[in-house]
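Reader: Hi! Could you walk me through this one? I'd like to start with the charges.
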Amino acid sequence: MTDFNNEICQKFSKTFAEVFRFSFYASRRYKVYEIPKRTGGLRKIAQPSAELKEYQRYIISNIFSHFPIHASVYSYQRDKNIKQMALEHLKSNFLLRIDFIDFFSSIQSEHIREFLRSKSKTVLPVTLKEHDITLINLLVCKGGRLTIGAPSSPIISNIILYDLDEFLTLYCSQRDITYTRYADDLYFSTSKPDILKYILPSLSEYLKTFFIRLRINNKKTINTSRKTSQQVTGLRLTTDRKLSIGRDKKRYIKSLIFKYSKQKLDFKQLNYLKGYLSYIYSIEPEYIQNLKTKYSSDLIQELLPLKRP
């Protein structure tokens, strides 16, 4: 096995002192800004500099990509998407959603250090010494925490929660409950009444012993049945057991199409409309046919040039 510090130095043609000096000031190499949340308020984004991103991508490929991600996880993976996740819950009558507070920033450098110390020897093709783990932490954390905006944060959050996902999967499989996770959104569904109410206390008890201090956002805990509106990562589960983007989004998309037909759509709105119509085509293709009936096939085909009936 080779040493990580030798490999990263060769990759970037620098001495270890130069790489470590860069990492020491890595927390200053972020552009921080805020964007509106879909549910209201602002979300802070910390985008690494181009050079820091290169280091983070190297660490992803050579360190974190070697660790397993639990099968119940659907976030930030090329071969999985929110449609597949929503389909897991489509046949159930009862749905519970649980959310964590400040998910990424709850994962700190000390947690990454503990994880790498305990797991790396049996998984990685390179040897990690203490100074290597320190270097990795400096390069993937800002102020000792994961951030939204760093390319390394999603995969770290996925692999470091493996034991939590395994606990919940086993717990649920013994009770005919389906469990999936998308980042900090945990979904549980079943057709058995009155059993989802035990999930929250069981999860809370487990988190007392978990090495990361994850806090449940009780304000966002949602328990619904088939009789009411159910949503999984923004997709609506209809009463006839189909997936839909929902009425509000459909109404907004129609308004954009109308503006486009009157040549009143700006470039940014047009790109959004094209992208979202492609998304609708993958989720609810029959709705595209409804739009073609309402606005004409030619008009919709202009917005979906690569999609054919």
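Author: Happily! The mean positions of the 52 positive and 29 negative charges of the protein are 7 Å apart. Lys and Arg count as positive, Asp and Glu as negative, with His and the chain ends not counted; each charge is placed at NZ of Lys, CZ of Arg, CG of Asp or CD of Glu.

Reader: Is this predicted or experimental, and what are the cut-offs?
Author: It is a predicted model, where local features need pLDDT of at least 70, side-chain atom pairs count only at pLDDT 80 or more, and totals for chains, interfaces and linings use all residues. Residues are numbered from 1 along each chain as its sequence is written, and side-chain values use heavy atoms, leaving out hydrogens and water.

Reader: Thanks! What share of the residues is buried?
Author: Of the 309 residues, 44% are buried, meaning under 20% relative accessible area with a 1.4 Å probe, protein chains only.

Reader: Switching topic, what is the strand order in the open sheet of 4 strands?
Author: The order is β6-β7-β4-β8, paired antiparallel. Strands are DSSP E runs of at least two residues, helices H or I runs of at least four, numbered from the N terminus; two strands pair if DSSP finds at least two bridges between them.

Reader: Why do β6 and β8 each have one side without a neighbour in the sheet?
Author: Because β6 (178-182) and β8 (222-225) are at the edges, each has a single partner strand.

Reader: And how many bridges join β4 to β7?
Author: There are 6, between residues 94-99 of β4 and 185-190 of β7. Arginine 97 stands opposite tyrosine 187 in β7.

Note on methods: Buried means under 20% relative accessible area, exposed over 50%, partly exposed in between (1.4 Å probe, protein chains only).
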